[in-house]
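I opened this model to look up three things. They are confidence, strand layout and the nonpolar core.

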Amino acid sequence: MKWAPVVLLLLAVPFVGATNITLTPYSDGYVVVNIQIPVQDYTTQVTIPLPTNYSDFIVTDGDGSPLQYVVQNGQLTVETGNAEIVNVTYSTTTFLKEDGAVWTITFSNDGPFTVVLPKGAVLADLSETPLSIDGNRITMPGGEERASHRLKPLIPPRCLCRSRRVSRPCP
């Protein structure tokens with residue numbers, strides 16, 4: 001658990017100015033992070049902190065057109081151009097931890113954020129009462145929050161066919 005202090009330090013850095021943050025965990029240990037940032041008038045750059053492990057950057061404006069960006073000193077700086085919205089999407093292993101069958105996503109932000117659990121996941125624990133739950137979408141309040149889930153097994157349990165008084169596996 002040598003990496004825990006580093007993770008906690010990174011989680012304490014809020015995504016300032018973001019109005020919509022969605023985190024989607026996957027069973028391979030990655031979380032896809034999508035951040036939407038409104039661009040204020042006359043703003044030429046938007047800077048957000050990055051976790052220690054990240055990959056697969058996609059940085060676009062509200063219309064889906066790519067924007068120029070630079071990654072330096074643990075921060076992403078985006079040249080906004082004429083964009084009204086900046087969309088940043090990347091993958092990371094920083095926010096998700098597996099403990100046996102339970103996966104826990106830990107994230108910190110000044111405002112609310114949404115966790116989209118994998119299809120078929122079963123919610124196991126929340127650090128705080130969510131603002132809303134809509135199917136597999138959980139909207140958490142601001143602060144350092146945790147959401148734990150279990151994945152349903154991919155192989156269904158064996159069914160039993162009953163023939164008189166004998167149970168046997170289904171054909």
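**Confidence.** pLDDT is the predictor's confidence in each residue, on a scale from 0 to 100. I started there, as this is a predicted model. The protein chain has a mean pLDDT of 83. I noted that 78% of its residues reach 70 or more. Then I looked up residues 1-16. There pLDDT stays under 50. For that stretch the model has 25 contacts beyond four places in sequence.

**Sheet.** Next I traced the strands. Seven of them form an open sheet, and the pairing is mixed. I wrote down the order as β4-β7-β2-β1-β10-β13-β12. The edges are β4, residues 55-61, and β12, residues 132-134. Each edge strand pairs on one side only. I also looked up the twist: neighbouring strands of this sheet are turned by 15 degrees against each other on average, direction ignored.

**One strand pair.** I picked β10 and β13 for a check of the register. β10 covers residues 113-116 and β13 covers residues 137-140. The two run antiparallel, joined by four bridges. Which residue of β13 is the bridge partner of Val116? I found Arg137.

**Core.** Last, I went to the nonpolar residues. The largest nonpolar core has 30 residues. Leu23, Val86 and Val88 have the most contacts inside it. Strand β2, residues 31-38, gives the most to this core, with four residues.

I then listed the surroundings of Val86, leaving aside neighbours within four places in sequence. Val86 is in contact with Ile35, Gln36, Ile37, Val39, Val46, Val59, Thr60, Leu67, Val78 and Thr80.

How values were computed
Residues are numbered from 1 along each chain as its sequence is written. This is a predicted model: local features need pLDDT of at least 70, side-chain atom pairs count only at pLDDT 80 or more; totals for chains, interfaces and linings use all residues. Side-chain values use heavy atoms; hydrogens and water are left out. Two strands pair if DSSP finds at least two bridges between them. Axes are lines fitted to C-alpha atoms, for helices over the stretch in contact, and angles run from 0 to 180 degrees between N-to-C directions. Contact means heavy atoms within 4.5 Å. A nonpolar core is a set of buried Ala, Val, Leu, Ile, Met, Phe, Trp, Tyr and Cys residues joined through side-chain atoms within 4.5 Å. Buried means under 20% relative accessible area, exposed over 50%, partly exposed in between (1.4 Å probe, protein chains only).
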